[in-house]
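Work through the exercises below with the sequence and the model side by side. Each task is followed by a solution that proceeds one step at a time.

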Amino acid sequence: MKRHARPLPQLPAVGVGLGYRPALHREIVSHLREITCLEIIIDHFLDMTPEKEAQFHDLASNVCLLSHGIGMSLGTALPVESAYVNKVKRTLDIARSPWFSEHAAFTKVPGIDLGQLMPLPFTEEAVDAITQNIGKLKNKIKQPLLLENIAYYLAHPAGEMTEAEFLTRILHKANVYLLLDINNAYTNSVNHNYDPYEFILSLPLDRVVQIHLAGGEWKGQYLIDSHRRSISREVWRLFDFVVPRCAVKGVIVERDGHYPPFSELLEEVRTARSTLRKYGIFVRSLRRRVTSVPGRTTNAARPSSY
Ligand SMILES: [Fe+2]
């Protein structure tokens with residue numbers, strides 16, 4: 001199969017890991033040999049006490065931290081608050097994240113924090129608004145920016161284009177990369193009755209840098225992207241379809257509650273890793289050396305490509 005050109009060859013391949021959650025902390029630090037990257041919600045690490053910051057430094061020394069934002073509200077037609085961006089920039093530098101990801105969404109309207117990701121109307125006006133905010137953000141943050149496709153439950157009536165066209169317009173116009181959440185794509189395809197494979201093929205897959213995997217659940221007539229269930233067979237099939245069509249650098253398994261035994265999460269990590277290897281990605285053996293766990297002094301090596 002023809003492999004797409006790598007969009008950012010200088011980015012490290014960071015492998016497969018988990019979304020860091022405090023409830024999983026003990027298990028995660030006990031299994032850092034099996035997890036080559038963790039994704040942190042950067043909003044939870046912006047105002048750290050000195051003690052928490054020291055622990056964060058240690059974590060960053062032991063495992064590659066991918067930083068994921070949820071509060072930037074890039075789609076709001078107002079500039080992103082510079083004080084917030086400065087805090088994000090500082091934490092990104094401590095984390096030494098190879099890239100920074102946010103959502104193609106909005107979470108704020110003037111004066112109100114909505115507290116959840118809201119879909120943008122698929123319009124040229126929204127493309128322009130988010131592109132302007134991204135342009136300003138790129139002036140401040142040096143790490144490459146990835147945008148994630150979100151799950152949405154009601155299609156905006158003012159839409160002028162499809163979701164895939166909308167995402168493609170933003171990625172090209174703002175010159176940013178894609179964090180492809182396969183469960184979000186699958187969830188939307190079920191709720192809005194379209195073919196997820198056609199959706200994925202209509203995205204610029206050469207811009208995929210990272211992938212999210214998760215499991216959802218039914219609530220009434222909607223499939224919800226809850227991250228509270230195991231990854232479904234359909235999402236694994238889509239993952240197997242996507243991997244050989246892009247040059248993915250990192251994969252994160254997201255779980256946000258209804259936690260199973262940790263071994264089940266590790267099994268999902270291993271399954272994702274074996275899919276990458278099946279397609280010749282990350283074939284060299286892991287050379288990362290973990291010498292301690294967060295909370296203790298360490299000079300552990302950073303993860304290398306594998
Ligand atoms: Fe996600």
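**Exercise 1.** Find which residue of S8 stands opposite Leu 146, and then follow the pairing of the strands around it.

*Solution.* The residue of S8 opposite Leu 146 is Tyr 177, where strands, like helices, are DSSP runs numbered from the N terminus (E over at least two residues for a strand, H or I over at least four for a helix). This is a predicted model, in which local features need pLDDT of at least 70 and side-chain atom pairs count only at pLDDT 80 or more, while totals for chains, interfaces and linings use all residues. Residues are numbered from 1 along each chain as its sequence is written.

The next step is to look one place further along: Leu 147 has Leu 178 as its bridge partner in S8. S7 and S8 pair in the parallel sense over 3 bridges, and two strands are said to pair if DSSP finds at least two bridges between them. On the other side of the pairing, Ser 101 stands opposite Leu 146, and S4 is joined to S7 by 4 bridges, again with the strands running parallel.

The last step is to place these pairs in the whole: a closed barrel of 8 strands runs S1-S2-S3-S4-S7-S8-S9-S12, with parallel pairing. From one strand to the next, the twist averages 30 degrees. Strand S9 (residues 208-213) is joined to S12 by 4 bridges, and Leu 213 has Val 253 as its bridge partner in S12.

**Exercise 2.** Decide whether the residues on the two faces of S8 are buried or exposed, and do the same for S7.

*Solution.* Begin with the criterion: a residue is buried if 20 or more other C-beta atoms lie within 10 Å of its own, exposed if 12 or fewer do, and partly exposed in between, with C-beta atoms placed from the backbone. In S8, Tyr 177, Leu 179 and Asp 181 lie on one side and Leu 178 and Leu 180 on the other, and all are buried. In S7, Leu 145 and Leu 147 point one way while Leu 146 and Glu 148 point the other way, and these too are all buried. For the chain of 306 residues, the part that counts as buried is 41%.

**Exercise 3.** Determine which residues touch the most other members of the largest nonpolar core.

*Solution.* A nonpolar core is a set of buried Ala, Val, Leu, Ile, Met, Phe, Trp, Tyr and Cys residues joined through C-beta atoms within 7 Å. The largest one has 81 residues, and Leu 178, Ile 182 and Leu 213 touch the most other members. Taking Ile 182 as an example, and not counting residues up to four places away in sequence, its contacts (C-beta atoms, placed from the backbone, within 7 Å) include Ile 211, Leu 213, Val 235 and Phe 239.

**Exercise 4.** Check the span of helix H4 (residues 124-140), and work out which of its sides is buried.

*Solution.* The expected span is 1.5 Å times one less than the number of residues, so the 17 residues of H4 should span 24 Å, and the end C-alpha atoms, at 25 Å apart, agree with this. The buried residues are Ala 126, Val 127, Ile 130, Asn 133, Ile 134 and Leu 137. They cover an arc of only 140 degrees around the axis (taken over the directions from the helix axis to the C-beta atoms), which puts them on the same side of H4. The face turned away from that side carries the exposed residues Glu 125 and Asn 139. The buried residues of H4 pack against helix H3 (82-95), strand S7 (145-148) and helix H5 (163-174).

**Exercise 5.** Explain why Leu 74 counts as buried, and list what it touches.

*Solution.* Leu 74 is located in the loop between S3 and H3, and it counts as buried because it has 26 C-beta neighbours inside 10 Å. Apart from neighbours within four places in sequence, Leu 74 is in contact with Val 80, Glu 102, Ile 130, Asn 133 and Ile 134. Leu 74 and Ala 104 are 30 residues apart in sequence, yet their C-alpha atoms are 7.1 Å apart in space.

Note on methods: Contact = placed C-beta atoms within 7 Å. Axes fitted to C-alpha atoms, helices over the stretch in contact; angles between N-to-C directions.
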